[in-house]
Amino acid sequence: MVRFKLTLEYDGSNYAGWQRQKNLRTIQGSIENAIFHFSGQKLTITTAGRTDAGVHAMGQVAHIDFEKNWNTNTVRDALNAHLQKQGEDIAVLNVQNVPDNFDARFCATKRHYLFKILNRRSPPALNTKRVWWLPKPLDADAMHKAAQKLVGQHDFTTFRSAYCQAKSPVRTLERLDIQREGDEIFLYAQARSFLHHQIRSFAGSLMEVGIGRWTAEDLEAALHARNRARCGVVAPPSGLYLMKVDY
């Protein structure tokens with residue numbers, strides 16, 4: 001068997017998340033179907049992170065083992081051809097040969113996410129499913145200042161889903177920056193790994209700061225409460241993008 005690393009881009013709007021599910025359209029299921037039509041093999045693809053329904057990716061990483069040592073450009077082009085034929089919103093950006101001990105999930109050292117907010121009175125006409133539209137004015141500077149209270153190693157119980165399967169709520173958040181560019185506000189998050197709904201919980205809680213309902217100290221108090229009930233609204237998946245995975 002020969003192992004290949006795939007870098008993927010997708011619009012998750014019309015998918016029930018990454019993980020293959022019976023009778024549902026998923027990213028994993030669609031890619032594995034394209035792999036079967038290309039190679040004739042029923043294979044399982046392993047990913048760096050199982051994105052939720054509606055979440056997008058611009059640099060998702062996965063690995064797959066083929067029986068044949070295909071040319072990497074052939075794999076990329078053939079999979080893209082089958083994905084397009086299937087009408088998928090998925091593209092294979094790059095394919096590389098990697099050692100047998102490379103694992104897209106467990107070898108990852110850092111994951112980079114972006115959350116997009118459209119902050120204007122008028123709703124989006126073109127990117128309805130690719131941003132979180134918030135018509136009330138947000139103070140991005142206050143949001144950024146408050147976000148720094150979350151950087152570092154913490155128990156993030158407040159900011160993880162009640163259904164999160166991680167054994168520990170402790171994570172080390174390396175970066176959480178908020179930047180405004182015109183009508184758009186970008187939240188950049190970086191860590192080795194994240195909890196279920198963690199970034200969307202950050203975005204929703206920081207929105208409370210942006211509209212003036214919370215202070216930075218309120219956000220910090222919510223963190224230290226270690227209580228899911230203290231979290232702000234959980235932002236929708238439409239604004240979330242997996243941008244890059246480091247190895």
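1. Polar contacts between the domains. In this predicted model, 12 residue pairs are in polar contact between domain 1 and domain 2, with both residues of each pair at pLDDT 80 or more. By class, the domain 1 side that touches domain 2 holds six nonpolar, six polar and two charged residues.

2. Domain layout. The protein chain splits into domain 1, residues 2-97, and domain 2, residues 110-246. Taken over C-alpha atoms, the domain centres are 28 Å apart.

3. Extent of the interface. Contact involves 14 residues of domain 1 and 14 residues of domain 2. About 1,200 Å² is buried between domain 1 and domain 2. Carbon and sulfur atoms give 53% of that area. On the domain 1 side, the most area is lost to domain 2 by Asp52, His56 and Met58. Together these residues make up 38% of what that side buries.

4. Salt bridges across the interface. The rule finds two between domain 1 and domain 2. Separately, Asp52 deserves a second look: Arg200 forms a salt bridge with Asp52. The closest N and O atoms of Arg200 and Asp52 are 3.8 Å apart. The cut-off for a salt bridge is 4 Å, so the pair qualifies at 3.8 Å. Asp52 is also among the domain 1 residues that lose the most area to domain 2.

5. Salt bridges overall. The count comes to 12 by this rule. One pairs the side chains of Arg3 and Asp65, at 2.7 Å from N to O. Arg3 lies in strand E1 (residues 2-10) and Asp65 lies in strand E3 (residues 56-66), so this pair ties together parts that are 62 residues apart in sequence. Side chains of opposite charge can pair when their charged atoms come close.

6. Database annotation. An unreviewed UniProt entry lists "domain: Pseudouridine synthase I TruA alpha/beta" at residues 9-106 and 146-247. Over residues 9-106, the chain is 28% helix and 23% strand. The end C-alpha atoms of residues 9-106 are 20 Å apart. Over residues 146-247, the chain is 25% helix and 30% strand. Here the end C-alpha atoms are 30 Å apart.

Methods. Residues are numbered from 1 along each chain as its sequence is written. This is a predicted model: local features need pLDDT of at least 70, side-chain atom pairs count only at pLDDT 80 or more; totals for chains, interfaces and linings use all residues. Side-chain values use heavy atoms; hydrogens and water are left out. Domain bounds come from an automatic or database domain assignment. Contact means heavy atoms within 4.5 Å. Buried area is the accessible area (1.4 Å probe) that two parts lose on being put together, summed over both. A polar contact is a pair of N or O atoms within 3.5 Å; within protein, one must be able to donate a hydrogen and the other to accept it, and residues adjacent in sequence count only if both atoms are side-chain atoms. Ala, Val, Leu, Ile, Met, Phe, Trp, Tyr, Cys and Pro count as nonpolar, Asp, Glu, Lys and Arg as charged, and the others, Gly among them, as polar. UniProt positions are given in the numbering used here, feature names are shortened, and annotations may be inferred rather than shown by experiment. Helices (H or I, at least four residues) and strands (E, at least two) are DSSP runs, numbered from the N terminus.
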